[in-house]
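User: I should like to learn how to read a cavity and a sheet in a protein model. Could we begin with the terms?

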Amino acid sequence: MTDGAVNGSARVLIAADKFKGSLTALEVAQRVTAGLHEVAPGVPVETLPVADGGDGTVAAAVAAGFERREARVTGPLGDEVTAAYALRDGTAVIEMAEASGLQHLPKGVFAPLTATTHGSGELLSAALDAGARSIVFGVGGSATTDGGAGMLGALGARFLDAGGQPVGPGGGGLRDLATADLSGLDPRLAAADIVLASDVDNPLTGPKGAPAVYGPQKGATPEDVATLDAALARYAGVLEAALGSRAAHLAFSPGAGAAGGIGYGALVGLGARFRPGIEVMLDVLGFAPALARATLVITGEGSLDEQTLHGKAPAGVAAAARARNIEVIAVCGRLSLPPEALGRAGIRRAYALSHLEPDPAVCMAEAGPLLERLAADIARDFLV
């Protein structure tokens, strides 16, 4: 369309993730809406901030109408922190990073061997106390590599050394693990439907396991990685002795290595089932009916790169839209995917802030106004 007239049949759905470090998913939606309406003020726009199970998942649920709840729980270093979760009609959306994430560590401080997921277990318990019968457990951004042992301990499991004493916190404590007793787990877990929502399909241990791949991001030295890998292997072995061969098989299941192995703890101890995070969240957020009302979808995240194609929010949104033959446009801070890769993912065109402002620091600081300019360009290209 080139005559300046607004396409009267157009309906836009904005379903974008956060621009990490710059804009929340809700702020992305607000800025894109403002830019579109600057050029095409009459076009109906619906916003549905999305997330893939990692940080920002609770915020996306709240933006979709869930109630924000808070609980005081144990942080990764053992001190008390405030953690949020979302609740609606018996469904809770929980983000493990709210309790056990890197965000709770002082700048430059890491505890790769001792950081605990105890608070994540307390957050699950708080959701059950609030009446949750279905739980979406989003994992990512963790400060921990304890295989979810801390989480299970908070929910009633016991992990003991050869002397019958509780092992120390974190993955390092599992070096001394001799026996595990899960008989005391909160009985409400067995009645709850728990979904492990993650974009990570790593196993628990080994070259592609949680310590080797993600440990260095949490301050683990090569020696720490070796210690943690051996400790988690011991943990899986002890759980196999306690629970049977299924515990050993689950250590190699997709998602077992997510968030320092908390995925394994959820699979083996909570009876969780693994699903790609973006698929789960699109269901929970009501994406399908919103998509049915749209003629154009705008998605995006801070960096559109090779990782985007492996289960990140924009790829999930684009796949769902492509299945309904609805065109998808992406916005991002930085773009490193060629047009052919975007096309294969179902994205017609991508607009990057870095194309307007090449300085990364300025780009992040001015992300909001720059995103409005990009959205105005999208309106000119696709709506008028």
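Analyst: For the residue classes, Ala, Val, Leu, Ile, Met, Phe, Trp, Tyr, Cys and Pro count as nonpolar, Asp, Glu, Lys and Arg as charged, and the others, Gly among them, as polar. Please note that this is a predicted model.

User: How many cavities of 30 Å³ or more does the structure hold?

Analyst: Rolling a probe the size of a water molecule over the atoms shows where empty space is left. Here the structure holds one cavity of 30 Å³ or more, and the volume of the largest cavity is about 30 Å³.

User: Which residues line the largest cavity, and how do they divide into nonpolar, polar and charged?

Analyst: The lining consists of Arg-11, Val-12, Leu-13, Pro-44, Val-45, Glu-46, Ala-290, Arg-293 and Ala-294. Six of these residues are nonpolar, none is polar and three are charged. Strands S1 (12-14) and S2 (45-47) each contribute at least two residues to this lining.

User: What is the strand order in the open sheet of six strands?

Analyst: Strands of a sheet pair through backbone hydrogen bonds, either parallel or antiparallel. In this open sheet the order is S3-S4-S5-S6-S9-S10, and the pairing is mixed. Its edge strands, S3 (67-74) and S10 (273-276), each pair on one side only. On average, neighbouring strands are turned by 30° against each other, direction ignored.

User: In which sense do S5 and S6 pair?

Analyst: S5 (residues 91-95) and S6 (residues 134-138) are parallel, with five bridges; Ala-92 stands opposite Ile-135 in S6.

User: Which strands does helix H4 lie across?

Analyst: Helix H4 (residues 118-129) lies across S3, S4 (80-88), S5 and S6, at about 140° to S3.

Conventions: Residues are numbered from 1 along each chain as its sequence is written. This is a predicted model: local features need pLDDT of at least 70, side-chain atom pairs count only at pLDDT 80 or more; totals for chains, interfaces and linings use all residues. Side-chain values use heavy atoms; hydrogens and water are left out. On a 1 Å grid over the protein atoms alone, a cavity is a set of points where a 1.4 Å probe fits but cannot get out, and a pocket is an open set with protein on both sides within 12 Å along at least five of seven lines; lining residues have an atom within 4 Å of a point. Grid points are joined across faces, edges and corners, and a volume is the space filled by probe spheres set on the points. Helices (H or I, at least four residues) and strands (E, at least two) are DSSP runs, numbered from the N terminus. Two strands pair if DSSP finds at least two bridges between them. Axes are lines fitted to C-alpha atoms, for helices over the stretch in contact, and angles run from 0 to 180 degrees between N-to-C directions. Contact means heavy atoms within 4.5 Å.
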